[in-house]
Amino acid sequence: MAGIRDYGYVVGTLPTGPRNLISDVAGVRVGHATVDEGRSHTGVTVILPTEGNVMRKRPVAASYVLNGFGKTIGTVQLDELGCLETPIALTNTLCASRVADALITRALAENLTAMSVNPLVGETNDYRINDIRTRVITERHVEEAFANACEDFAQGAVGAGRATVCFGLKGGIGSASRVVHACGQTYTLGVLVQSNFGVMEQLRVCGQPVGQRISKELHDVACAHQAEQGSVMVVVATDAPLTSRQVRRVIKRAGAGLARTGSCLGNGSGDVFLGFSTGNLIPARSRKPIMLTCLPDDTLDQLFVACIEATEEAVLSSLVNAEPDVGLDGTIYHSLSEFL
């Protein structure tokens with residue numbers, strides 16, 4: 001598995017975790033299920049925040065919507081109660097409800113007395129390469145993604161990133177991590193993105209206008225990619241003890257990471273961020289006061305920087321790991337790796 005660093009680019013200044021993946025946060029695993037059937041090219045990606053039953057552990061969590069052109073499921077209750085009840089799943093726009101239903105079925109099987117479940121699903125629209133109207137994703141694919149969950153997961157055109165397009169190039173799933181220090185302790189922050197946004201000429205790699213060069217190399221072909229008609233899902237994980245309010249403060253900074261890649265956050269781009277902390281768990285049932293710990297707000301700056309850097313690198317990782325592909329209309333979507 002390649003990364004942007006393999007091409008001589010180093011994003012930011014903070015150290016990475018051992019894998020430079022969201023799974024550097026202890027307990028976090030990621031699984032994919034990819035569909036390639038006829039004109040259907042899509043998939044599901046699941047992010048498991050902890051080992052064991054998520055509905056019983058309920059990690060502290062939050063969401064932040066930078067641009068609301070999206071169809072996420074579960075964010076209303078997430079922000080009201082400030083915790084997860086299921087793993088996070090990503091898929092294509094028209095299959096979000098099917099994936100949510102599969103998450104509910106799984107949660108009910110694990111929690112036999114549950115009368116309510118809040119599934120958390122994000123999406124982007126992959127219609128350019130996938131015949132999205134076929135809605136091929138089923139519960140079987142969600143279960144396959146869970147079965148494939150691991151720490152060393154694939155990036156690029158897999159799972160929910162199978163058919164995404166980013167900066168007019170082939171997008172996909174990308175991930176990165178950073179290690180920070182606060183209050184005398186060491187913490188890890190990881191990011192996973194489903195990249196499906198951006199205009200080619202605006203792409204920047206570590207500040208360099210790479211997209212302009214690519215557009216010139218491709219000449220008039222680049223004109224097909226001028227409208228920003230995609231989205232991006234950013235999932236942030238950390239083991240730093242944070243409250244839901246603080247998680248939201250951290251994940252807001254993902255917007256700065258996207259800006260560093262050249263995103264203008266266009267009208268048609270749904271830019272939605274989800275985040276959780278495994279450093280605080282809110283048990284589903286307790287007859288005693290629940291004691292949470294949190295870092296002082298004035299120590300969060302390194303986590304802010306970590307989120308920015310990891311988001312930027314995760315987007316670039318999705319681009320260099322995605323292989324070239326052809327859209328349903330014959331448009332060629334190159335890999336960033338071809339131009340580095």
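Axes are lines fitted to C-alpha atoms, for helices over the stretch in contact, and angles run from 0 to 180 degrees between N-to-C directions. In this predicted model, helix H6 (residues 244-252) packs with helix H8 (residues 301-321) at an angle of about 45°, and their axes lie 8 Å apart. The two helices H6 and H8 are therefore oblique to each other. Helix H6 contributes Arg 249, Val 250 and Ile 251 to the contact, while Leu 303, Phe 304 and Cys 307 come from H8. By class, the residues of this contact comprise 5 nonpolar, no polar and 1 charged.

Both helices also meet a sheet. It is an open sheet of 5 strands in the order S3-S11-S10-S9-S8, with mixed pairing. Strand S3 (59-67) and strand S8 (173-182) are the edge strands, each pairing on one side only. From one strand to the next, the twist averages 15°. Within the sheet, strand S9 (residues 185-196) and strand S10 (residues 231-238) pair in the antiparallel sense over 8 bridges, and Gly 190 stands opposite Ala 237 in S10. Helix H6 packs on the sheet and touches S3, S9, S10 and strand S11 (270-281), its direction making about 40° with that of S3. Helix H8 likewise packs on the sheet, where it touches S8, S9 and S10; its direction makes about 160° with that of S8.

Helix H5 (residues 210-218) has the buried residues Val 210, Gly 211, Ile 214, Ser 215 and Leu 218. Viewed down the axis of H5, these fall within an arc of 135°, so they line one face of the helix. The buried residues of H5 pack against strand S7 (169-170). Just after H5, His 219 adopts a positive phi of about 55°.

Terms used: Residues are numbered from 1 along each chain as its sequence is written. This is a predicted model: local features need pLDDT of at least 70, side-chain atom pairs count only at pLDDT 80 or more; totals for chains, interfaces and linings use all residues. Side-chain values use heavy atoms; hydrogens and water are left out. Buried means under 20% relative accessible area, exposed over 50%, partly exposed in between (1.4 Å probe, protein chains only). Helices (H or I, at least four residues) and strands (E, at least two) are DSSP runs, numbered from the N terminus. The arc is that of the directions from the helix axis to the C-beta atoms. Contact means heavy atoms within 4.5 Å. Angles under 35 degrees count as roughly parallel, over 145 as roughly antiparallel, 65 to 115 as roughly perpendicular and the rest as oblique. Ala, Val, Leu, Ile, Met, Phe, Trp, Tyr, Cys and Pro count as nonpolar, Asp, Glu, Lys and Arg as charged, and the others, Gly among them, as polar. Two strands pair if DSSP finds at least two bridges between them.
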